[in-house]
Amino acid sequence: MRAMLLVNPKATTTNARTRNVLIRALGATMELTVEETGYRGHAAALAATARAKGYDVVAVLGGDGTINETVNGLLNPVNGVAAQPSAPGRSASSASDGDGDGDGDPSAGRPAVIVIPGGSANVFARGLGLPNDPVEALGAVLEALREGRRRTVGLGQALWDHESRYFTFCAGLGYDAEVVRAVEGLRGAGRKATPARYVNTALRHYVATDKRRPAMTLTGPGIPTAAGIFMAIVSNTSPWTYVGTRPVRPTPWASFETGLDMLGLQRMGLTSLMPLIQHILTESDALPSGRHLVQLHDEPEFTLTADRPVAFELDGDYLGERESVTFRSIPNALQVLV
């Protein structure tokens with residue numbers, strides 16, 4: 001089995017010694033090529049190269065951002081950016097590049113993925129059931145290799161302004177993306193993106209966010225139009241994120257095997273937010289309730305439009321401000337050794 005291991009040397013929770021141990025352990029089980037990422041988008045380019053050269057597996061030692069780039073590189077072998085939007089009415093599975101084995105499983109035509117968590121949140125890895133510790137996660141991966149276990153998962157796809165990109169666990173428009181933008185600014189100044197920093201940034205930024213003029217409207221095939229949305233969380237799985245070890249579940253029914261879920265907020269006042277925050281931190285399976293909430297479950301496609309540019313993020317990566325984004329579910333997109 002030929003594998004390419006993509007290593008983010010700046011990953012939050014690993015050091016050179018740990019990385020060397022992990023590389024040796026993985027290299028003892030397969031023919032391994034190791035590549036370090038050096039710049040934004042590098043993991044996507046390396047993953048596309050691995051696919052073009054016929055590697056069986058692409059392993060990732062890094063955080064959710066590195067995994068997102070890798071997935072986009074695998075699903076589009078040309079330039080690591082998802083294919084152009086498909087025509088309306090096409091099935092979600094046909095929106096991917098469609099080079100599977102011909103039996104309805106497009107993931108079979110791509111290298112499988114190994115995930116070794118090295119970031120601060122590691123939401124995708126934990127959503128797959130892997131331990132958050134990289135050494136323990138590698139142990140679980142090696143067990144899956146020995147037993148030949150693979151899991152096929154669906155992905156989300158966001159399309160905007162003749163561009164598109166896949167996401168593994170979440171996307172967001174509005175306040176949560178504003179927080180991601182602020183944290184990325186702190187990271188650019190040399191600070192680590194710890195859970196405590198996200199929480200503190202969210203609390204500080206709440207004062208500055210617009211809580212009076214909602215910008216967004218939800219539309220979609222067979223979906224009642226909903227206007228007056230301040231913030232929208234789009235989920236491909238649950239939990240949405242973690243605060244330390246505590247999962248945060250605004251869309252508890254989301255999973256890799258269903259379509260996309262969404263939670264939209266039509267009020268941003270503290271009297272509306274506090275019960276919601278308590279619910280999503282303490283309830284595991286029950287949907288949040290409230291007339292100010294807009295909720296979707298297992299949807300193949302929907303669109304959020306805004307009357308002014310709003311902040312936009314995918315898998316915790318800030319992508320600027322957008323006025324319209326269409327979200328699609330892409331079933332059977334990826335095989336993961338887990």
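This report covers confidence, aromatic pairs, nonpolar cores, a buried polar site and unusual backbone geometry in one predicted model.

## Confidence

The model is predicted. Its chain averages a pLDDT of 90. A score of at least 70 is reached by 92% of the residues.

One stretch needs caution. Over residues 79-96, pLDDT stays under 50. The model has 32 contacts beyond four places in sequence for this stretch. Where pLDDT is low, the predicted coordinates should not be read in detail.

## Aromatic pairs

Five aromatic pairs turn up in a search of the whole structure. One of them is Phe-124 with Phe-256. Their ring centres are 5.6 Å apart and their planes meet at 85°. That angle is over 60 degrees, so the pair counts as edge-to-face. The two residues come from distant parts of the chain, 132 residues apart. Phe-124 belongs to helix 4 (residues 123-127). Phe-256 sits in the loop between strand 12 (246-248) and strand 13 (260-265). Phe-124 is buried, at 0% relative accessibility. Phe-256 is buried too, with a relative accessible area of 2%.

Another pair is Tyr-175 with Tyr-206. Here the centres are 6.3 Å apart and the planes lie at 80°, so this pair is edge-to-face. It links helix 6 (residues 175-188), which holds Tyr-175, to helix 7 (residues 195-208), which holds Tyr-206. The two tyrosines are 31 residues apart. Both fall under the 20% cut-off for burial: Tyr-175 has a relative accessible area of 13%, and Tyr-206 is at 14%. Elsewhere, Phe-167, Phe-302 and Phe-327 make up one aromatic cluster.

## Arginines over rings

Two tyrosine rings carry an arginine. The charged end of Arg-2 sits over the ring of Tyr-55, 4.1 Å from the ring centre. The charged end of Arg-126 sits over the ring of Tyr-242, at 3.6 Å from the centre. Arg-126 falls within the residue range of helix 4, the helix that holds Phe-124.

## Nonpolar cores

The largest nonpolar core has 68 residues. Leu-26 and Ile-114 touch the most other members. Beyond its neighbours within four places in sequence, Leu-26 contacts Ile-114 itself. Other contacts of Leu-26 include Leu-5, Leu-32, Ala-59, Ile-116 and Leu-138.

A second core is separate and has 26 residues. Among them are Trp-160, Val-294, Phe-302 and Phe-312. Phe-302 is also a member of the aromatic cluster with Phe-167 and Phe-327.

## A buried polar site

Ser-235 is found in strand 10. Its relative accessible area is 0%, so Ser-235 is buried. The side chains of Ser-235 and Thr-251 are joined by a polar contact of 2.7 Å. Leaving aside residues up to four places away in sequence, Ser-235 also touches Phe-169, Cys-170, Ala-254, Leu-260 and Asp-261.

Thr-237 lies in the loop between strand 10 (231-235) and strand 11 (241-243). This residue is buried, at 3% relative accessibility. Its contacts beyond four places in sequence are Phe-169, Thr-251, Ala-254, Ser-255 and Phe-256. Phe-256 is the ring that pairs with Phe-124.

## The cis bond and Arg-249

A cis peptide bond joins Ser-238 and Pro-239, with omega about 5°. Pro-239 is found in the loop between strand 10 and strand 11. Most peptide bonds are trans.

Arg-249 contacts both Ser-238 and Pro-239. Its further contacts beyond four places in sequence are Ile-280, Glu-283 and Ser-284. Arg-249 lies in the loop between strand 12 and strand 13. At 21% relative accessibility, Arg-249 is partly exposed. From Arg-249 to Leu-273 is 24 residues in sequence and 14 Å in space, C-alpha to C-alpha.

## Positive phi angles

Most residues other than glycine have a negative phi. Asp-161 has a positive value, near 45°. His-162 is positive as well, at about 65°. Asp-161 is in the loop between strand 5 (151-160) and strand 6 (163-167), and His-162 lies in the loop between strand 5 and strand 6. Asp-161 is exposed, with a relative accessible area of 56%. His-162 is exposed at 70%.

Technical notes:
Residues are numbered from 1 along each chain as its sequence is written. Side-chain values use heavy atoms; hydrogens and water are left out. Rings of Phe, Tyr and Trp (its six-membered ring) pair if their centres lie within 6.5 Å; planes under 30 degrees apart count as stacked, over 60 as edge-to-face and the rest as tilted. Helices (H or I, at least four residues) and strands (E, at least two) are DSSP runs, numbered from the N terminus. Buried means under 20% relative accessible area, exposed over 50%, partly exposed in between (1.4 Å probe, protein chains only). A charge sits over a ring if NZ of Lys or CZ of Arg is within 6 Å of the ring centre and within 35 degrees of the ring normal. Contact means heavy atoms within 4.5 Å. A nonpolar core is a set of buried Ala, Val, Leu, Ile, Met, Phe, Trp, Tyr and Cys residues joined through side-chain atoms within 4.5 Å. A polar contact is a pair of N or O atoms within 3.5 Å; within protein, one must be able to donate a hydrogen and the other to accept it, and residues adjacent in sequence count only if both atoms are side-chain atoms. pLDDT is the predictor's confidence in each residue, from 0 to 100.
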